[in-house]
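Open the model in your viewer and keep the selection panel at hand. Each stop below gives a selection and what to look for.

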Amino acid sequence: MNYIGSKLKLSNFITETIHNTVGENLSGKTFCDLFAGTGIVGRNFKDKVKQVIANDIEYYSYVLNRNYIENRFAIEKIDCLMSGLNKIEPKEGFIYKNYCFGSGSNRRYFSDENGKKIDAIRQQIQSLKNNNSINDDTYFFLLCSLLESADKVANTASVYGAFLKNLKPTARLNLELKPANFIESKNQHIAYNRDSNELIKQISGDILYLDPPYNTRQYGANYHLLNTIALYDKFIPKGKTGLRDYNRSKYCSKNSILNEFDELIKNANFKYIFLSYNNEGLLSLNQIKEIMSKYGKYGVVYKEYQRFKADKDKNRNHKADKTVEFLHILEKRNNFLY
């Protein structure tokens, strides 16, 4: 999935830094990814630690992490389920009526056929769940599979803030539901769909990884259509892009981010805290250092990497094709632990 702030290319750097910092066997540790997004970082620790806690306030992200992190036993009858859903007859449902051009919506997020296929599959997944034909694990596995498969044929540049005028080549392809296979595990992991600053007061552990939004763009707006497919609720889409009401993170506001970040670090009952933050973020290096240093031993490492392609369009005046990811490290003092 194309995702703003994805740590896929940085996952080895992050994983190695965490392992080298903690400096011991991680098998008995609890690892928390508090702003999990697609869950890339948490997935890397699922077979390394005792428990992974993943959280994100966006529901589409919760669906991904409920599958990739919390699911740990093999899903029964995968081939039969996937085959049946792929053969289902298209239906003119909420996605087609509001986000496909042929319906008269004037929006072109998906081809007409793919919009109808998304509707049919989404409705069938819900029907299977409502009829108790599948359990929660299978439900989120299928829903995650649909989100990722739909994203592959979306008619966008990368995010869902806007659709393209004409169908691009990948959007002309027929949607094929493909399995969102996860790492099986003997340990129990958990995914949350909570506000991070509230959840942090109720959890504790050994390693806390933070990857909050770093600029003013809201994830709820950029990925609104994934939330709509995941929730499949009824509302009146707003404006040209068909927006729904969405969460507005305080980490995306210059007026609130300093206090929000300070409160998060203060309330974190974790021995080690790692913060991923871009060099173009709302918080400066000095601000991050000043806040984190109040609560223990602070350090930082960094890595240069290629800018996310959605940030390189002609309307955004970036001077460089590359950016720098800082990984801030805090070992909290004992009087702030547990």
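The tour covers one helix, then aromatic rings and the charges over them.

This is a predicted model: local features need pLDDT of at least 70, side-chain atom pairs count only at pLDDT 80 or more, and totals for chains, interfaces and linings use all residues. Numbering runs from 1 along each chain as its sequence is written, and side-chain values use heavy atoms, without hydrogens or water.

**Helix α7**

Select residues 136–152, helix α7. Helices are DSSP runs of H or I, at least four residues, and strands are runs of E, at least two, numbered from the N terminus. The end C-alpha atoms lie 25 Å apart, which agrees with the 24 Å expected for 17 residues. That expected span is 1.5 Å times one less than the number of residues. The helix is largely enclosed by the rest of the structure, because 14 of its 17 residues are buried (under 20% relative accessible area, 1.4 Å probe, protein chains only).

Add Asn135. One of its side-chain oxygens comes within 3.3 Å of the backbone nitrogen of Asp137, at the start of α7.

**Aromatic rings**

Show Tyr139 and Phe140. Both are buried.

Next, select Arg244 and Phe235. Arg244 lies over the ring face, 4.5 Å from the ring centre. Then pick Lys129: its charged end sits over the ring of Tyr139, 5.8 Å from the centre. A charge counts as over a ring if NZ of Lys or CZ of Arg is within 6 Å of the ring centre and within 35 degrees of the ring normal.

Last, select Tyr214 and Tyr277. Tyr214 is buried at 12% relative accessible area; Tyr277 is buried at 2%.

Terms used: Buried < 20%, exposed > 50% of the residue type's maximum accessible area, 1.4 Å probe, protein only. Polar contact = N/O pair within 3.5 Å; in protein donor to acceptor, adjacent residues only side chain to side chain.
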